[in-house]
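Open the model in your viewer and keep the selection panel at hand. The stops below tell you what to select next and what is there.

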Amino acid sequence: MGAVRAGSALAHTGEGQEGRVQPKRRTEEAEETAGEVARALAALSETDLLRLKAIARLRARDLPRDVGWSDLLNEAVARALDGTRQCPPEVGIVAFLAGIMRSIASEHWRRQRREAGIFRLSDGEGEADPAPDPERTLAAVQALATLDQLFTGDLAASQILAGLAGGLSAREIREMYGLSETDYDSTRKRMRRLLLKHGIAWRFR
Amino acid sequence: MTAHRPDLALRRLLDALEAELLGASDADIQAAVAETGMNAQALLAEAGIVTALNTADIGWVERSETHHPRRDRMGFATLYPSYKNVKP
């Protein structure tokens, strides 16, 4: 992990003649980055591997049902090892892979939308959130329902889930549902525990 | 849990829950493992993590002078050919 952080900062430059800093060849940078990523992955603790598994399972909810979490993780690891992405110095390897998995999911739906030929005049070039295609909407509704089901019977958790889905801050959620800070914190802790348990051991879907 | 744009609601929710998992302490994870009644190695062996990392062929940089990662066994790319460098 430390190697990734240190190396990422150095990967853009190399010492040239007379101490001048010269750009490295891109392939060289990619190899260096890939090596750092490989070493960081190999050094992951069991705890972090389980964390990664839980994150992959969670993020796979944003993909069609026939794509498993291990497929998503495989692809993220492969892209990280390609060396084409730099791991920012302040980002750990688990967060780095989580970001790649997030990108893969977004990329999938963008591609799906493009291939389905869904374009509207209102869609600007590079628009961050263009209107989704029906398949995307259906998948999202199903995923939201499944996540909601996970917390069935826990009213505070369902309220927090709804608030998070609505983009509310912790304070806004507490105010909206009349939750005390203690209630909010203890509920988030329960949610985290349940998410971890489902993420590392049981099938979500 | 209704939302005007389910896709955006899901994205926000997943981002928040992912942050929760990233911020979970080792003790949280160990407690979750204990609740499953399994040990960490068994949970990791279950269908994936080890395979994923082995498939990624970690260590190729040290072993190879040519430094070409192997990408021919990626499950996701197999399922979704559009992720390969081929035209649909």
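In which helix of chain A is the place of A:R110? Select A:R110 and you land in helix 5 (residues 93–115) of chain A. Helices here are DSSP runs of H or I with at least four residues, strands are runs of E with at least two, and both are numbered from the N terminus.

Before going on, note that this is a predicted model, in which local features need pLDDT of at least 70 and side-chain atom pairs count only at pLDDT 80 or more, while totals for chains, interfaces and linings use all residues. Residues are numbered from 1 along each chain as its sequence is written, and chains are lettered from A and ligands numbered from 1 in the order in which they are written.

Stay on A:R110. It counts as exposed because it has 12 C-beta neighbours inside 10 Å. (A residue is buried if 20 or more other C-beta atoms lie within 10 Å of its own, exposed if 12 or fewer, and partly exposed in between; C-beta atoms are placed from the backbone.) Now add A:P132: the two are 22 residues apart in sequence, and their C-alpha atoms are 8.8 Å apart.

Next, colour chain A by element. It has nine helices and two strands, in the order α-β-β-α-α-α-α-α-α-α-α from the N terminus. Of its 205 residues, 39% are buried. Do the same for chain B, where there are six helices and zero strands. Of the 88 residues of chain B, 34% count as buried.

Select A:R51, which is in helix 3 of chain A. Is A:R51 buried or exposed? It counts as buried, because 26 C-beta neighbours lie inside 10 Å. Apart from neighbours within four places in sequence, A:R51 is in contact (C-beta atoms, placed from the backbone, within 7 Å) with A:V94, B:L21, B:A24 and B:I29.

Now show helix 3 (residues 46–59) of chain A with helix 2 (residues 26–36) of chain B. They pack at an angle of about 75°, with their axes 10 Å apart. Axes are lines fitted to C-alpha atoms, for helices over the stretch in contact, and angles run from 0 to 180 degrees between N-to-C directions. The two helices are therefore roughly perpendicular (65 to 115 degrees; under 35 is roughly parallel, over 145 roughly antiparallel, and the rest oblique). A:T47, A:L50 and A:R51 on one side meet B:D26, B:I29, B:Q30 and B:V33 on the other.

Move to helix 7 (residues 155–165) of chain A and helix 1 (residues 6–23) of chain B. Their axes come within 7 Å and cross at roughly 115°. Here A:L161, A:L164 and A:A165 touch B:A9, B:R12, B:L13 and B:A16. By class, this contact has six nonpolar, no polar and one charged residues. (Ala, Val, Leu, Ile, Met, Phe, Trp, Tyr, Cys and Pro count as nonpolar, Asp, Glu, Lys and Arg as charged, and the others, Gly among them, as polar.)

The last stop is helix 9 (residues 181–201) of chain A. Its buried residues are A:T187, A:M191, A:L195, A:L196, A:G199, A:I200 and A:A201. What covers these buried residues includes helix 3 and helix 7 of chain A, together with helix 1, helix 2 and helix 3 (40–45) of chain B.

Notes:
Two residues are in contact if their C-beta atoms, placed from the backbone, lie within 7 Å.
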